[in-house]
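Welcome! Please take a moment to look over the sequence and the fold below, and then we will walk through the architecture together.

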Amino acid sequence: MRVLYLLNISNPDRLSADSGWIFADLLAPALADAGAEVTVAAPTAAGDARCSFHRTKVPETKYRARFSADIDELVALIRAEKPDAVVANQIEEAPAIRTALLEAGSDALLAGYCHYLPFSFSGGGQLLLDPSLNDVGLGRPVLLAFAAGLAACDRVMVHSATAASWVSAATARMAVDLGDRSRVVPAPRDERLVRDPVTARRRQGTAAIGVYNHRLYAHYGTERFVHLARDLVASGAVQLQVMDLFGQRRAARTGLDGSPERMRDQLAALPHVKVVSDRGNRVRYRNLLAEARFGIAPFRAGCPWSMSVIDCQGMGLPVISPRLGWLAEHIDPELCFTTPAEAVGLAERLAVDDEFHAVHAKRAHASTADFTPALVAARYLEALS
């Protein structure tokens, strides 16, 4: 099977913070191992030497990534690659890709991967626009473009059962019938970030480290984490290590959303909270995770998947989490909290109770076993067949 993988990269300056690029970089070689011929079309290469690469422009903003597809370029690429299947990592581009397939005379299957959902649902079932995509009222056009993209796809791949139910509920409200086109295909884990939890040891005589390794956008609920951080470190049993995954961002990105820088400064000002950078290096990132005792999930309402949670769990770190979205689907119910007091209780128990920690470290590690690149590639090819 010849697969053309169309990848949008939103963080070309710090690829280690771009989950879409990391997933493609892990998945493309696994697809090649399974016998597929893979071409990645993206601003930066992903995969290995067996994977072909076609360079595309970097979209200056997240809105251009959704509204500025170059159909001429797509037609030329499809004619050159002659794919059996095209994977659109940016769902909103699917109508343009379908148009390009028509003009190129290609009968390739078009699969959209719902890497990001531009909506969430309230506890009462109300559909909410994603605030990160709602500058000057663009949230509804993005949502409608997302629905149009789903309608243009032969397959719709989502990360999780939670994402599948959300996509189904949202499309039903917009008169888009997915029928049997939806498939649950999780993202691959990074095998460089896998460790047998038995090898982890508690550092004696020091406070346990809780790691928060998520992007610091406001729409990730980071302000709620800032408030929780004060409670988590109050007793002295826990210290927090917060990852600054972005470093210095381009002006085009900070101009649209400067919340990561604001949140970083607020967290750095708190006692017993250390802001650290992996400097875009996966070895350093692994070493920082290895120092921690447990992870903390984000307060992101529209969270269909979290690469950072899987990173922690693959390293054998239990993750405490607010009880919402995919997080409540995936994370052990014993580690989910509703109130700050519950979160503090879980963190302090993981810090000092070795037996409790060992049980949940093994469960966390085991929860990622089905996300190896080889297994995910097999599910990908099944979805594309």
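In which order do the 6 strands of the open sheet with strands 10 to 15 stand, and is their pairing parallel or antiparallel? The order is 12-11-10-13-14-15, and the pairing is parallel.

Before going further, a word on what you are looking at. This is a predicted model, in which local features need pLDDT of at least 70 and side-chain atom pairs count only at pLDDT 80 or more, while totals for chains, interfaces and linings use all residues. Residues are numbered from 1 along each chain as its sequence is written, and side-chain values use heavy atoms, with hydrogens and water left out.

**The whole protein**

The protein has 15 helices and 15 strands; these are DSSP runs numbered from the N terminus, with helices being H or I of at least four residues and strands being E of at least two. Its C-alpha atoms fill a box of roughly 65 × 45 × 40 Å along the principal axes. For 385 residues, a compact globule would have a radius of gyration near 21 Å, and the protein agrees because it has 21 Å. That radius is taken over C-alpha atoms, and the globule rule is 2.2 Å times the number of residues to the power 0.38.

**The sheet of 6 strands**

Back to the sheet we began with. Strand 12 (273-276) and strand 15 (336-337) are at its edges with a single partner strand each, so one side of each has no neighbour in the sheet. Pairing here requires that DSSP finds at least two bridges between two strands. Strand 14 (residues 319-322) runs parallel to strand 15 and is joined to it by 2 bridges. Pro-322 stands opposite Phe-337 in strand 15.

Helices lie across this sheet too. Helix 7 (residues 222-232) lies across strand 10 (208-212), strand 11 (238-243), strand 13 (294-296) and strand 15, at about 155° to strand 11. Helix 10 (residues 282-290) lies across strand 10, strand 11 and strand 12, at about 165° to strand 11. Contact means heavy atoms within 4.5 Å. Axes are lines fitted to C-alpha atoms, for helices over the stretch in contact, and angles run from 0 to 180 degrees between N-to-C directions.

**The sheet of 7 strands**

Another open sheet has 7 strands in the order 3-2-1-4-5-8-9, with parallel pairing. Strand 3 (52-55) and strand 9 (182-184) are its edge strands, each pairing on one side only. From one strand to the next, the twist averages 20°. Strand 1 (residues 2-6) and strand 2 (residues 37-42) run parallel and are joined by 5 bridges; Arg-2 has Glu-37 in strand 2 as its bridge partner. Helix 3 packs on this sheet, touching strand 1, strand 2 and strand 3, and its direction makes about 155° with that of strand 1. Helix 15 (residues 373-384) lies across strand 1, strand 4 (85-88), strand 5 (109-113), strand 8 (155-158) and strand 9, at about 155° to strand 8.

**Helices that meet**

Here are three helix pairs side by side.

| Helix pair | Angle | Axes |
|---|---|---|
| Helix 3 (residues 71-81) and helix 4 | about 55° | 8 Å apart |
| Helix 4 (residues 94-104) and helix 5 (residues 139-152) | about 35° | 7 Å apart |
| Helix 7 and helix 13 (residues 340-352) | roughly 50° | within 10 Å |

Helix 7 passes helix 13 in a right-handed crossing, a term for the near helix being turned clockwise from the far one by less than a right angle, whereas anticlockwise would be left-handed. On the helix 7 side, Leu-228, Asp-231 and Leu-232 make the contact, and on the helix 13 side Pro-340, Ala-343, Val-344 and Ala-347 do. By class, this contact has 6 nonpolar, no polar and 1 charged residues. Ala, Val, Leu, Ile, Met, Phe, Trp, Tyr, Cys and Pro count as nonpolar, Asp, Glu, Lys and Arg as charged, and the others, Gly among them, as polar.

Helix 3 and helix 4 also cross in a right-handed way. Their contact includes Ile-71 and Leu-74 of helix 3 and Ala-96 and Ile-97 of helix 4.
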